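Please examine the structure shown below. The paragraphs that follow consider a single residue and its surroundings, then the cysteines, and finally the confidence of the model.

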Amino acid sequence: MKRFWSRTFYSFPIQLLLLHFRKYQVLLIFWAILFSTINGGFAKLFGGDALFLAPEYLGKVNFYSTTVLGVASAVFTMSWNITTFILHSGRFKFLATTSQPFFRYCLNNSIIPTLFLLCLLWRGWQYQRWQELNTIPQILLLAEGFICGYLAVIFFSFFYFFNADKNIGRRLMKKFGNPRNFLRTVMKPNQERDENALPVINYFSSPWRIRRARNVDHYNKHYLDNIFRQHHFAAIITVGLALLFLVVMAYLMDYNAFRIPAGASVLIFFAFLIGVAGAYAYLLESWAIPVLVVLILGLNWMVTNQWIDNRNKAYGLNYRDKEDRPEYSVHHLQEFFTAPRSEADEKHTLQILENWKAKFPAGTKPPLIIINTSGGGSRSAAWTMNVLQRYDSLLHGRLLKHTMLMTGASGGMLGATYFRELYLRKLNSNLPTSRNLYDSLYCEKISRDLLNSVFSSFAVNDFITPFRHFSIGQNTYAKDRGYAFEMQLNINTDNVLNKTVGAYREAEYQARIPMLIWCATINADGRRLLISPQPVSYLCAADYRYPTRSMRDVDGVDFLQFFSRQHADQLKVTSAIRMSATFPYVLPNVFLPSNPIVDVMDAGIRDNFGQETSLRFLYTFRNWINENTGGVVFLQIRDTRKNDVTPIKQHKDLSDLLFEPLFSMQAHWMSMQDFHQDHLINYMEGYFPGKFKRLIFQYVPQQADKAAALSWHLTPREKQDIARALDNPANQQAFRLLQEALPAVTAEKLSADR
């Protein structure tokens, strides 16, 4: 038994596995990320597991998409084998005496790749069965595609290295001359001991055969090193080919056929990083750390001095005329957003309110609806779309007709923007729609995947070819993951959102459609950025009834007016949506042409429910609303359950004690916003005594532990779960209250509405 354990411990596969944990542990990080991701750990909140378990190609999860993922998985595996072969083969000299050393190495180095492959197939089976709702034959077909793609690359790689073995033998024979000189040189014993060599008793010479490792003390060490050096050269060529592939993919990403699944892009990118790390460590050896420090310092200097400037920009804005950029400072904001400007903008919006009232019969006081949508990626976009379609349909179009303002954050604004555009197209005879406004196809389109394009671009464009750009007129912008997001969003929605913010100005002014305000958070100081085709500077500062300060406390920026010289009205609608939905790292921060330059992020950082904006709007026009309407219906569409507090742990471990103080605020950020805004709404009710109704439509999953992910990707099961939440008793009760708040529709009115 002791001998058995000794032979097992000193077998080549076990020694290799232990060596990976002893040396170059950084290479294991890639495997750790992949294992954690597919098992629902790393990036679970953003739907990271879906990238690998449900890879989409050309908008579908099918045999071809899993084949591409299989190819990428094999490329990553081979990159891992190549890199570790370069780094570790010198410790196992007996390999040089075998035929096909690289094949023997990969075979014995397959513990981690095999575990990953089995784990991926098992998790893919579970995910496809329960999340994608596929049948067993369909799942087997997907698995077949993955395995075919994987094996194709493996066989091709070994064919390449088998030929390399033959060429290496020929070159060495030619170098040493005739066979007698060759054997004399090869068999010359080593004159020095190799201290890096590790003891190995046996190894797998084939998947079904174990052989004893040959003693190489009688071989010339320099000859053995020469063999490995030739293999290393072949391996580095392979890494170069991976880089070339990524560059080609970056240039072809504008074409659908070359937009491979995001999981595949990530794997190929990881393969490239592993190859670069291995080649770097092999070539520089003890100089690796000093050179890395110099490279980091040099890169930091180039970024600081703007030699490298790949900051994301808002598409449509003019960044060329630097002398006309507005100054961003507290003093200038106070000078710009003055009380007279606010009063002028109030008068402009009062006319919109009058136009809104004119839609209803003279002498009546119609209820005024304010719609607030929460952030939450595709989950919130799909939920918002479901709510607006269902209830506007049941109310025969009266929901949007009575709505004066729509605002919110992130994914909720994506759904609201899309529905409002479809509603406008229904009203415009020159923009006919081939389908009914309430067709479920529109929910399906707004729920389509956006994550694959973002991650594919992140892996290819952002790192490999950050110098690529595109132009709108005379303005140039980087082709990064922000561009990929907007391009995919336009594809998903048939380009109906491919227009400028200013294009809505007239329709909003005439009150044919509700006003819609996109918000974002300015990183420099936490102020809100308010994006609207109408001037709304009255939302940029609190209007104190008894002012005690001579200057206004500006807590927001009216994008349209502040950046008017930069053609703010030409901002793309998709960019406005993206600025409101810029979750950290998933999408790039958008930099604005101010002086100094400021950048913006997700609106949810400041107000994830959009209620601060709408509450200030109601306060500003409280007198007109009280005199001219039948009251306010304050409607909140949220993708999370209200007061859904995470259960408190009964027992805390060491990690809780260490890290809870650091991340407590982040963990409870949405709850704190809820409590704060409930307090504000309570005060707001006092300005509309007996005329203020707050209604909440909330996404409540059928199973609490299987809620849709906060991601830009939704599975079929998640889409079904979101749609079924409309039948939740609390939502049904909220709809009944909404029906009671709106006047009953008559046949004549219904005909007129149509």
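Helix α20, which covers residues 481-492, is where N492 is located. In this predicted model, the relative accessibility of N492 is 5%. Because buried residues are those under 20% relative accessible area, N492 is classed as buried.

What does the side chain of N492 reach? The side chain of N492 comes to 3.2 Å from the backbone oxygen of D449. D449 also appears among the residues that N492 touches once those up to four places away in sequence are set aside; the others are K445, R448 and L450.

The cysteines may be considered next. How many disulfides does a search of the whole structure find? The search returns 0 disulfides. As for solvent accessibility, C119 has a relative accessible area of 17% and is therefore buried, since the value lies under 20%. C148 has a relative accessible area of 39%, so it is partly exposed, the value falling between 20% and 50%.

The confidence of the prediction should be kept in view when these details are read. The average pLDDT of the chain is 81, and 77% of the residues score at least 70. Residues 178-191 form a stretch in which pLDDT stays under 50; the model nevertheless has 25 contacts for this stretch beyond four places in sequence. A further stretch, residues 216-220, likewise has a pLDDT below 50, and the model gives it 23 contacts beyond near neighbours in sequence.

Definitions and conventions:
Residues numbered from 1 in each chain as written. Predicted model: local features only at pLDDT ≥ 70, side-chain atom pairs only at ≥ 80, totals over all residues. Heavy atoms only, no water. pLDDT = per-residue confidence, 0-100. Contact = heavy atoms within 4.5 Å. Disulfide = S-S within 2.5 Å. Buried < 20%, exposed > 50% of the residue type's maximum accessible area, 1.4 Å probe, protein only. Helix = DSSP H or I, 4+ residues; strand = E, 2+ residues; numbered from the N terminus. Polar contact = N/O pair within 3.5 Å; in protein donor to acceptor, adjacent residues only side chain to side chain.
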